[in-house]
Amino acid sequence: MVEVLRERHRSVPSASCGQYGNCGINMAPKPKVSKPPSSKTHVDNSVGERRLRQIYDWLDNGNNKNALQEAGKVLKKQPDFLCVKVLKALALLRLGKEDECHELLEAVRKEVPIDDQTLQAMQICYRETQQPNKICEMYDAAAKKDPTNEEILTNLFMAHVRLGDYKQQQQTALRLYKVKPKNPYYFWAVMSVVMQAYHADEKIARMVTLPLAERMVQKFIDEGKIEAEQEVQLYLLILEKQGKFQEALDVVEGPMGERLISYVTVPQKKASLYVKLNRWRDSIVISKSHLRENLDHWLSIKNYLTSAMNLIEEGEDLSSSDAEYVLWSRADASIPQIKEFLKLLMNEMKRRGKNVRGPYLAWLELYKMVHEKGQDADQVVGDIVELFVQYFRCFGDRSCCPLDLKQYLPLVSVQCRGDLIKGIWQIVGLEDGELPDTVYRMQQHISTILLSRHLGYHENLTSAEKLQLTTCFLRYFQHGMRFNIDPLPTDFLSNDPYVLLMAHLLLDVWMETQDTSRLLDVLLLLEHALLMSPSNFHFKLLLVKVYHLLGAGLAAHDVYETLDVKHMQLDSLGYVHCGAVQATGQYAIASSLYDVTLRFFTVNYKDSVDYLSFTYKFGSFMKIEEFVEFRERLSNSMHYALVTVERMLLDILQSTTHTQMLKVVSQMEIQSEKDKMDWRRFNDNRDMSAFVCWDPPERQVNPELTKKSRDADVSFLRLRMLLLRGLGAAAELCNPDITPLSEEGIVNSSEINNTGEPTVNGKSLQHQHPLVSLEKVTSEIESTLKSIQEDGIKLETSKIIGAPLPSRLFDYLETNSVQLQFELFSLISTFVKSNGDDKVDAKAFEEGGKRAVKILQSSVHSSIKSVLEGKCVSLNTRRIVFERAVNLVEMVCLAALVCGIINNILEPSKQTSSKKTKKKQKPGASPEVVEAHKLFVSEVQAIATELHTALGNLRLRMSVEAFHSQMPLITANSIKDGPACRVPAVGTLPTIGPDDISSLSTAMAQLVLSYENRKSKDKGYSVDVSSKLSVSYEDSLQEIITILQQKMTYLDSTKL
Amino acid sequence: MTTLRPFTCMDLLKFNNVNLDPLTETFGLAFYMQYLAHWPEHFQVAESPSGEIMGYIMGKAEGLGENWHGHVTALTVSPDYRRLGMAATLMSWLEEASEKKQAYFVDLFVRVSNKVAIQMYKQLGYIIYRTVLEYYSGDPDEDAYDMRKACSRDVNKQSVIPLTHPVRPEDVD
């Protein structure tokens, strides 16, 4: 609340905007103290001013009662003090008296205030009630009354910015310019035109809108009125959008270009325009001059190479120009010339005594370009292995090395891969099994291993060999500890990459053997490594994933919290945890995660619109499109939509009584009829690059996987939204004020008015009758399910470390939950229609109930047998066991809710005889219907009891589980050295005996022991993996069973 | 590589490999947008040849009269791209941008405990101008060094004469 009042100052840093605020005057919005605006209004007495300040203070401190009182007192003496009236309205609003607030506000609005103080206060009210259009109307009215008021017009302009009404923006800006002919106002209008183009049809944008914007600027240029850098920037933007690169270049090179002072990138701009204009010679020359200044300027290297390659393509005559240029300024037009220049770069670098990556990578880049042209790059450019080795020699010990080289690895033919590894291995210079003596050597060793893994050298190893390699890396890791002297807890350790390598190898083995001990090894390894290197977020991310693979939502959450995911990251990283944590039955954690996430989205959507208006104020025209696009990206975030729906569903499903459920639903805004979703518009904001992984390309996250997993989530989202809408409509049917559909007249689907809203007898309905909504949803559920089943999204991601966990869609479909929903909603419809009608419908109701029960029953039965009992033995399927339990319990919840709803509709008719006050006499239900309902409830109860017993058994079995018996790795016995260490592709692996496997275990044990004492140092962060798992499982089951028990009580209460 | 480009909103969605680092603060969206809206040229990102974010710098220009200066709000380099001089490159961008804006100096705040960073800034020519008491809230609060480097406009290097007494955060403009 405090924030909002402060916005008063933020939103209007300076109403009249003579300059863009970048010229030495600090226009930074400083939301520090909230002071009422200085007295320039009709309140000229200082007493009034003082009391006004007092009210602002109360409001700022959240003391709305005092603010209200104070305002009341002031108004007694000065009943026409409009600003105080508005502040009173604001206090009322914040005290929850919305109606009184509106009334008061409306009264003020009618007087059309024009003083800034009142208008600002009104703006706050309208914002808090989310009526941005009222802000526009208010300033519009004020501007009519006082048409030359610059401040009011500025605010009107900003109000249109908030609504994204570009046409109105343009008109208002031009009005402003007429009142005060200042450049910024004129360019606000120009920018508003550009934004019209952004949303317009491309053809219209090119033919009409953008040329208009260009002419507007041209007019100013002709009149010599251009003043600021921002204006030139906007002009360039307009020209480039139209593909007028030559004109843009003329601007940059001409007198106007001199205005681009803060535009440090002017030379870069020039270079990029040269490229766009295919002016290769100029591009080469300018890139070379940049490189002369900065040998590592990658963009210039790319520009240079691209341009030179194009020049060759054009068959430039080489001999003629050669003599004119010295090497630094020649427009190279042949491979030998390019090579000559790259050599020059290398020599120059050596001369300057500073090694940078650019010139080395330039060779690889050239190789790539030549290769892509289908030429023999080895012949033309040089030996690829030698190019790699050349880079590796200088940067092999940096962690950027494998990242830089990765994109060039596909250039190495399969036959040459061995040579490549051999080549760089020679630089590392370690004998087989020799441990590195310096940190640099160790890091080179790490780079070599990462590259060899990426080349696929670990793929063909047997599981036993992989385990041996793991043991080997463990030795390197332990050996490497000596290179971390006094490590900072905020830095990664230099030997950390070995840990990830080991973890990935162990995951490989688990995938091949399905031996869960290996997953437990991974956990153990990472948990310990984290103690030594507490800031390594790669460990944490992988831990979250592996805990989730094991269905341990609570344990995953403990680690997730240490990642301190917040703000934007809630959207980009939330996917690693949110859905999965709910699928393990950790409802409380899921709820709080959802809440935090939703707060981020709502707060930021409001905030970011303010910054959109700032971009105009500061003339940051280049950013406006970007901001608009970004706001759309956030508001259309798939994660946002998923979280919203799941949060609401959780609330509904967790309500303990029918009355509570109705209350919960009534507080939600479930807009069934307006929900015309375009499912394609959902943005996938997940950052899947967060997981580091050196697996070969075919085991990396790829666009197809990303798309498919998004599609699966969107399908899930669609079904969940329908469920939510269905529940909303069904709950609304319980409203006693609902008139039976027949009395109102049946909504005719052909009777749709021109706004697309359904009508009754020609009259527009504000709300659709809930029964109509419910039937609509029911049929949509059926068709959506059908189309999803037809799509049959299949996704195999288990071998890809960075891939998200399987979508919740799959188990959701597997349990037939959607079919159950269909039957349950149909049942309600049948019931509502038959309530009081003849026996035929009673029969239909009974049959509907039977169908629903049958689906629920068979799903529960088969799941108990095949999943809850059948799959609970192995930890591999633990995730599925929990997800299934959660889905089954949800199905029972849904059935219980529907029982409650039907009961509720039955109830008033049962009581009508006793309650004389009842206005509308509903026809009573037939005894057959009552009987059928009773039968339905008792059958649902029976299933619930069965499920409850099964979950109880599951809990019992899990409580006596002892992971250590499956996990010989952590029992520390004798400790012996691991086998000789050889890197695949370099040396051959020695033969493996059974001892080798157990020696891995013992080496792990050593790891555990050697850092056991650190455990106590680390504020209670436990590495006891097995107890973490047990606690997590127990906790999840506890939550799941509690929900089920609540619903059993709920069911009891729905018995007639 | 030292090619910098303007930071964009979309980078906020994929800067996790930099921002999950414990010393890199992830701010609320509004904070980033304020900088992008007001000082877009002071907010630059260094991108690797393979398109990854190697690091970024976020800064502004503010102050009246001889206090008109460039300020470094955040500077961070991904753990994968350290020991390559990235921080120096990013800093020199902001210094150059501040020169173009005719600033008198560039300043920044750093935790007194962050020895590595302080050392690096010293190497880049920054001096400890003053100590700001309990600038960083936490348990316990931590002091900050206000470090400065003069720009060419400050011919007599007036802006980098260290203060002898520490100041309170509220006294810092």
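**From a sheet in chain B to the helices of chain A**

In chain B, strands β3(B) and β4(B), the latter spanning residues 69-77, run antiparallel and are paired over eight bridges. The model is a predicted one. One rung of this ladder sets Y56(B) against T76(B) in β4(B). The two strands form a hairpin, with six residues between them. In that hairpin G63(B) adopts a positive phi near 105°.

Now move to the other neighbour of β3(B). Strand β3(B) covers residues 53-62 and also pairs with β2(B). This pairing is antiparallel too, and it runs over five bridges. Two of its rungs can be picked out by residue. Q44(B) has I57(B) as its bridge partner in β3(B). V45(B) has Y56(B) as its partner in β3(B). Y56(B) thus bridges to V45(B) and to T76(B) in β4(B). Strands β2(B) and β3(B) make a hairpin as well, with five residues between them. G51(B), in the turn, has a positive phi of about 90°.

Next comes β1(B). Strand β1(B), residues 4-6, is joined to β2(B) by three bridges, and the two run antiparallel. Here R5(B) faces V45(B) of β2(B). So where does V45(B) sit in the ladder, and which residue is its bridge partner in β3(B)? The partner is Y56(B), while R5(B) stands opposite V45(B) from β1(B).

How many residues of these strands are buried? In β2(B), residues 43-47, four of the five are buried, so the rest of the structure largely encloses this strand. In β3(B), nine of the ten are buried, so that strand is largely enclosed as well. In a regular strand, side chains alternate between the two faces of the sheet.

Step back to chain B as a whole. Its secondary structure consists of four helices and seven strands. Along the sequence they follow the order β-α-α-β-β-β-α-β-α-β-β. The C-alpha trace spans about 45 × 40 × 30 Å along its principal axes. The radius of gyration is 16 Å, which agrees with the value near 16 Å for a compact globule of 173 residues. Of those 173 residues, 51% count as buried. Contacts in chain B also reach across the sequence. Among those between residues at least 6 apart, 62% join residues at least 24 apart.

Chain B also touches chain A. The contact draws on 44 residues from chain B and 51 residues from chain A. On the chain B side, α1 (16-19), α2 (29-38) and α3 (86-100) each supply at least two residues. Which element of chain B gives the most to this side? It is α2(B), with seven residues. By class, the chain B side holds 22 nonpolar, twelve polar and ten charged residues.

Cross over to chain A and look at two of its helices. The first is α18(A), residues 335-352. It has 18 residues and reaches 25 Å from its first C-alpha to its last, close to the 26 Å expected at 1.5 Å a residue. Its buried residues include Q337(A), I338(A), F341(A), L342(A) and L345(A). Seen down the axis, the buried residues of α18(A) fall within an arc of 140°, so they line one face of the helix. Their cover includes α15 (280-293), α16 (298-313) and α19 (357-372) of chain A. The face turned away from the buried side carries the exposed residues P336(A), N347(A), K350(A) and R351(A). After α18(A) comes G353(A), with a positive phi near 70°.

The second helix is α5(A), residues 98-110. It has 13 residues and reaches 18 Å from first C-alpha to last, close to the 18 Å expected at 1.5 Å a residue. Buried or exposed: which describes C101(A), L104(A), L105(A) and V108(A)? They are the buried residues of α5(A). These residues cover an arc of only 100° around the axis, which puts them on the same side of α5(A). Helices α4 (82-94) and α6 (116-128) of chain A are among what covers them. On the other side of α5(A), the exposed residues are D99(A), E103(A), E106(A), A107(A) and K110(A). Just after the helix, V112(A) takes a positive phi of about 45°.

Note on methods. Residues numbered from 1 in each chain as written. Chains lettered and ligands numbered in written order. Predicted model: local features only at pLDDT ≥ 70, side-chain atom pairs only at ≥ 80, totals over all residues. Contact = placed C-beta atoms within 7 Å. Nonpolar A, V, L, I, M, F, W, Y, C, P; charged D, E, K, R; others polar. Buried ≥ 20, exposed ≤ 12 C-beta atoms within 10 Å, placed from the backbone. Pairing = 2+ DSSP bridges. Rg over C-alpha atoms; globule rule 2.2 N^0.38 Å. Expected span 1.5 Å × (residues − 1). Arc of directions from axis to C-beta.
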